[in-house]
Amino acid sequence: MRPLAASSFLPAGLLLLFGAAAPGLSQPNPDSGWIDLTAGGIEDGWRQLGGAAEYALEDGVVVGTAVVETPNSFLATTEEYGDFALQLEFKIDEGLNAGVQIRSHSDPDYRNGTVHGYQVEIDPSERAWSAGIYDEARRGWLFPLSLNPAASGAFRQGDWNHLYIEAIGPEIRTWLNNVPATFLIDEMTPRGFIALQVHSVGPEQGGLQVRYRNVLLRTEDLMPSGRSFPYVVDTRPNQLSDAEAAMGWKLLFDGASTEAWRGAHREDFPATGWQVRDGELTVLASEAGGPRGGGIVTRETFSAFELQLEFRMTEGANSGIKYLVTEGYGSAPGTAVAFEYQILDDMRHPDAQAGRDGNRTLASLYDLLPATRHWRFVKGPGRYNHARIVVRADGTVEHWLNHQLVLAFDRKSAELDEAIALSKFAGREGFGKWPEGRILIQDHGDEVAFRSIKVRRLDGTE
């Protein structure tokens, strides 16, 4: 492989990191350290893994052609890389799917050599998640572009698209056509090969093609980009990245301390019913009629805010995250009446069939409004799911499940008023109209573990 003399594909704002005089200039120094990975052809330094899609180098362009009835195919580098910056251009036929594997592996002891690792998505479908990050053959979506619609709109169908990837330490960032797309912090795989994917296809998609050109790599003198991103996904349990702190996030649970919490209707943290263990804040199961610790609430109150956390259910479990909680509002000690993000094992708990139109299922606004069902993204008992609640000053609220928006509503709307009138909360004057309140994690008598509990205010206060 030989160093490339010059390139015109750096995103604006990154050029300063690689020797250019100012943002917006297109030509880095001749000795900038960029390497053309296909300069020696695709037989020198590359190998094909997985399926039998066809790869050819035509006038400097790697052309991948989909073949029916074969698994995902990968043209992979023989060399592995840890920290790097990678840029390339791609053009893909409508109806095909592809991606760029980074820090990936094909090990005989992992599913008979199945390629696995981070994939930067190439997605020409209506969903348009190009530059999102998928964990191929492992954990699934880590950063779907549902979290960043602006980048989703940057894709150009039928034209060349520029993809920039930066992997430094646990931080992986991507840009699509100069638009910041994803910012993932993940420690699972620190190094591995790079690969150009052609996805498996059905009979009607055989012969579709994806093209890659100007596949350029840099591995020395790397510096994280200073460009801002609208959202950060940090998969490390109970940690707060510098980027998140700069965005106003703070931890409500760091894996050890419960100082941010107390029992509902009391000043101390419950002595029974809850346990901190293995970096998890766990509400314990109680026998029928037995003593329980009751719900726990934040010591702080919030008006407009964003909350995220991970939860792990046991089989048949029922719990919830209540918000804008006012303890004096018609509730008994240890409980609270408020909006609730439902946590439920829908497949095993009978409450999923109760209520109205599925409004007691996972991630729904309990007994009021049902969540859209994204079954592909739900992880069952024993696995962690990610919950996110956004409450804005204008009255709009969002429920997210595993980085998918599953419910959006307006607290001021007639739709919500009607839902309240038809619910168990009917007749409770002022229900849901509180300007602020606490966040509560429910004790429903079933074991559920929580971790990585983070909050940021959206009202301009600290």
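This report covers two loop residues, one helix and the largest pocket of a predicted model.

Residues are numbered from 1 along each chain as its sequence is written, and side-chain values use heavy atoms, with hydrogens and water left out. As the model is predicted, local features need pLDDT of at least 70 and side-chain atom pairs count only at pLDDT 80 or more, while totals for chains, interfaces and linings use all residues.

**Two loop residues**

Helices (H or I, at least four residues) and strands (E, at least two) are DSSP runs, numbered from the N terminus. Buried means under 20% relative accessible area, exposed over 50%, and partly exposed in between, with a 1.4 Å probe and protein chains only.

| Residue | Loop between | Relative accessible area |
|---|---|---|
| Gly51 | β3 (46-50) and β4 (54-58) | 9%, buried |
| Asn72 | β5 (61-65) and β6 (73-77) | 16%, buried |

Contact means heavy atoms within 4.5 Å. Leaving aside neighbours within four places in sequence, Asn72 is in contact with Leu49, Gly50, Gly51, Glu136, Gln197, Val198, His199 and Ser200. On the same basis of sequence distance, Gly51 touches Thr70, Pro71, Asn72 and Ser73.

A polar contact is a pair of N or O atoms within 3.5 Å; within protein, one must be able to donate a hydrogen and the other to accept it, and residues adjacent in sequence count only if both atoms are side-chain atoms. The side chains of Asn72 and Glu136 make one at 3.0 Å. The Asn72 side chain also reaches the backbone nitrogen of Ser200, at 2.9 Å.

**Helix α3**

Helix α3 spans residues 414-421, and Leu416, Ala419 and Ile420 in it are buried. They lie on the same side of α3 because they cover an arc of only 100 degrees around the axis. That arc is taken from the directions from the helix axis to the C-beta atoms. β25 (339-344) and β28 (404-410) are among what covers these buried residues. The face turned away carries the exposed Ala414, Glu418 and Ala421.

**The largest pocket**

A pocket is an open set of points on a 1 Å grid over the protein atoms alone, where a 1.4 Å probe fits, with protein on both sides within 12 Å along at least five of seven lines; lining residues have an atom within 4 Å of a point. The largest pocket holds about 760 Å³ of space. Its lining has 30 residues, with Arg139, Leu142, Glu310, Lys379 and Tyr384 nearest the centre. Elements giving two or more lining residues are β11 (140-143), β17 (233-234), β23 (305-313), β26 (384-391) and β30 (448-457).

Note on methods: Points joined across faces, edges and corners; volume = space filled by probe spheres on them.
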